[in-house]
Amino acid sequence: MNTISRSVVKKDHEPKIRGESVFVNDYTAAGDARPILTGKLLHASVARAKVLSVELPELPEGYCYVDARDVPGSNHVLMITWNDLPVFCDETVEYIGEAIGMVVGPDDQEVSRILGEIKVNYEPLDPVLDLREATEAVRERDFGYGDPEKAFAEADSVIEEEFETGYQEHAYLEPQGFMAEPEEDGKMFVHGSCQCAYSVQDAVVSVLGCKYRDVHVLQDVTGGGFGGKEAFPSLLASQVAVAAQKMKAPVRCVYDRKEDLAYSFKRHPSLCRYKMALKDGKVTAVDCDIRLNAGAYCTLSGLVLDRAAATAAGVYSFPNLHVHAAALKTNTVPNDAYRGFGGPQVIFAMERLMDHAAKTLGADEVAFRRQYLVKQGDRTVTEGRHHFPVPLPEMIDMLDAACGYWEKHAAYAKPQNGRFRRGIGMALARHGDGLTGTTERDLGFSIRLRKHPDGRVEVLAANAEIGQGTRTTFPKIVAHELGIPLEKVSYQHPDTGRVENSGPTSASRSLMIVGELLRRAAIRLREQWADGEEQEVRESYTEPDFVISFDLDKFRGDAFPTDSWSACAVEAEVDSFTGNTEILSAVGVFDVGTPVDENIVIGQMEGGFLQGLGYASMEQMAYDGTGRIRNNSFSDYLIPTAADVPKLKTLLHVEEYPDGPYGAKGAGEMPLVGAAAAYAAAVEQALGTDKHRLNRLPITVEDVMKELYREEESDGHDSI
Ligand code: MOS
């Protein structure tokens, strides 16, 4: 393995372990010692209504109510290119939880008391709550190649199935929180828990209607993101900035866990209808209809949809393809970025369809898959190219060697009639690395390295440490190229007032894209190195030459420069008396290119894989008939712990990417993407291969019981 892969102690390890890290909620005063006012949001309690009036109790001195009338600039939060989400509601509220206003004042409890006494008068409007009834597309894509219509018309048979996936809540340890401090020189200093400091700045500047240089944004120590702190912080930061501007004082708003679970953005629930044409035992065409529940506002749904669409056919290449994808508006909490970003939903659909097609043809599920695996040089679904080797065949072999897949699969295929029934399932997945389509190219992000006269080097970039190791791996790359000790290279939490815009911390791009800019900058600095001098080197992104430039309107070209790959297997045991399913073991083989720190990468693989298994098996979130999310605590939204997966193994296969640092590719999201499909396949096999179709996530005890009942009924036995 490359020497860069050797693990080091993470730079944020000590302060986090010692409890010394300062999160946004830990500040006892503003930077200049002024007291911090507390802001709490007035959330809408109906899914869709006209707000007729807000009746406030008498406000004690020093307390204030802030709403849309106080917004000096645009009342819409800019998120990349979308800005439909209001800072505070316009005339109507569109989901339960939408911010109507904010109560601000010095004492927490007094703020809560006032909030509790506010009365909002609504004129109710009919909400759309069900994705199946949603008709308004906030973003739509339609593309394909070949002649799928002809292939379907000439098919011997057509398999058509529907797949449904639910919410997933990020469940980061630290809830959402932001703070704004008006500074003496008239600037607004905004800081808090986030992944993308520059996106927050874009939003706050437009909301305050001020100049770009009048705002600077710092990412505070952040207790987890998983995508949940990509766009949401732009909303919360805008709200506290408006309040701070009005109060001319520092204002902080930190969500409590209940608020966070109920009102922060989630993973898009989805409804996919996939169709496959078969002729002479071969797949001749696939048709993918993808629907994502965008919730009440677009936020980043357009980008999530693009990634889902560009991942629609999973790891396969078919002769004819049609993809229709739509993100649809409902009056529920907005859905947004979550690790995998549209990938897990479509990979679930595609992998389940492959399993079921193989069963229909009486073929082995894996052998069937192998016939259609993409190879280097093949076209992608958007008619770009897979430019680099696709190591999936080797990865499947590695997986088998690690868990005895074939042997177990054959053993569990025999009829099982006892109380405990076992199954094993496999899924293959890809994750396009970096921002989808044109974003990386068009925005031309950059970094700087600053060398101080004493020889210390500072990384000036905007990517956030959210537990994934950026504060360590960025300096590690620079130290490696300069041949100096890691202690000599620092990477502070980014403040947009002093660092370069290296783009969002998203899309598994930080290490692969920004890390490569750092590597190149470090090489140049090494070449120019002059002892005792202050020196700076800047490096900007340019699209690699091999890339087939993406055309966003036609949705054609390389949606991503390269992909990460995974093959994973889950072994499960179903208790046919209780309907409970236990995961016996889970093995994942991941190709995320060269690990720039092996422990960090393994940590990412294990965490992401487990998160994917939670998504598949236990994380269930639902709203009631009024559109209110029913799970607002960790006692009724369950996430997996180490105890839920006693044997979890992750292995790395390294396919080096020439344009990533030392061959590194995107690692953050890949481990989550295929887990759910493998889990579903395992449970399906345990239940008895031919009779069942588990096409909905999460797979609950009730789902398993229903399948078991169905089985008994069809066998002519009495139900339990
Ligand atoms: Mo994001 S889901 O952190 O691209």
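Helices α15 and α17 cross in a right-handed way, and that pairing is a handy way into this predicted model. Two other helix pairs, α4 with α5 and α13 with α14, are worth a look too. After the helices, we'll turn to the domains and to a couple of backbone oddities.

**α15 and α17**

- Helix α15 covers residues 598–617, and its axis sits 8 Å from that of α17, with a packing angle of about 50°.
- Angles under 35 degrees count as roughly parallel and 65 to 115 as roughly perpendicular, with the ones in between called oblique; α15 and α17 are therefore oblique to each other.
- On the α15 side, the contact is made by F609, G612, L613, Y615, A616 and S617, while α17 brings in A675, A676 and Y679.
- Sorted by class, that contact has 7 nonpolar residues, 2 polar ones and no charged ones.

**α4 and α5**

- Helix α4 runs over residues 197–208 and helix α5 over residues 232–247; their axes come within 9 Å and cross at roughly 40°.
- That angle makes α4 oblique to α5.
- The crossing of α4 and α5 is right-handed.
- If you want to find the touching residues, look in α4 for S199, V200, A203, V204, V207 and L208, which meet P233, S234, A237, S238, A241, V242 and Q245 in α5.
- The class count for α4 against α5 comes to 9 nonpolar and 4 polar residues, with no charged ones.

**α13 and α14**

- Helix α13 (residues 470–482) packs against helix α14 (residues 510–528) at an angle of about 30°, and the two axes are 8 Å apart.
- That makes α13 roughly parallel to α14.
- Here as well, the crossing of α13 and α14 is right-handed.
- From α13, the residues in contact are T473, F474, I477, V478, E481 and L482; from α14, they are S510, L511, V514, G515, L518, R519, A522, I523, L525 and R526.
- Charged residues do turn up in the contact of α13 with α14: there are 3 of them, next to 10 nonpolar and 3 polar residues.

**Domains**

- The domain assignment splits the chain into domain 1 (18–127 + 170–263), domain 2 (270–435 + 557–714) and domain 3 (439–540).
- Measuring between centres taken over C-alpha atoms, domain 1 and domain 2 are separated by 36 Å.
- Where these two domains touch, domain 1 puts in 27 residues and domain 2 puts in 28 residues.
- About 2,400 Å² of area is buried between domain 1 and domain 2, and carbon and sulfur atoms give 66% of it.
- Three residues of domain 1 stand out: W82, E94 and L261 supply 24% of the area that domain 1 buries against domain 2, more than any other three residues.

**Backbone oddities**

- The peptide bond from L697 to P698 is cis, and its omega is near -5°.
- You'll find P698 in the loop between α17 (675–687) and α18 (701–714).
- K248 has a phi near 50°, which is a positive value in a residue other than glycine.
- To track down K248, go to the loop between α5 and β12 (251–254).

Conventions:
Residues are numbered from 1 along each chain as its sequence is written. This is a predicted model: local features need pLDDT of at least 70, side-chain atom pairs count only at pLDDT 80 or more; totals for chains, interfaces and linings use all residues. Side-chain values use heavy atoms; hydrogens and water are left out. Axes are lines fitted to C-alpha atoms, for helices over the stretch in contact, and angles run from 0 to 180 degrees between N-to-C directions. Helices (H or I, at least four residues) and strands (E, at least two) are DSSP runs, numbered from the N terminus. Angles under 35 degrees count as roughly parallel, over 145 as roughly antiparallel, 65 to 115 as roughly perpendicular and the rest as oblique. A crossing is left-handed if the near helix is turned anticlockwise from the far one by less than a right angle, and right-handed if clockwise. Contact means heavy atoms within 4.5 Å. Ala, Val, Leu, Ile, Met, Phe, Trp, Tyr, Cys and Pro count as nonpolar, Asp, Glu, Lys and Arg as charged, and the others, Gly among them, as polar. Domain bounds come from an automatic or database domain assignment. Buried area is the accessible area (1.4 Å probe) that two parts lose on being put together, summed over both.
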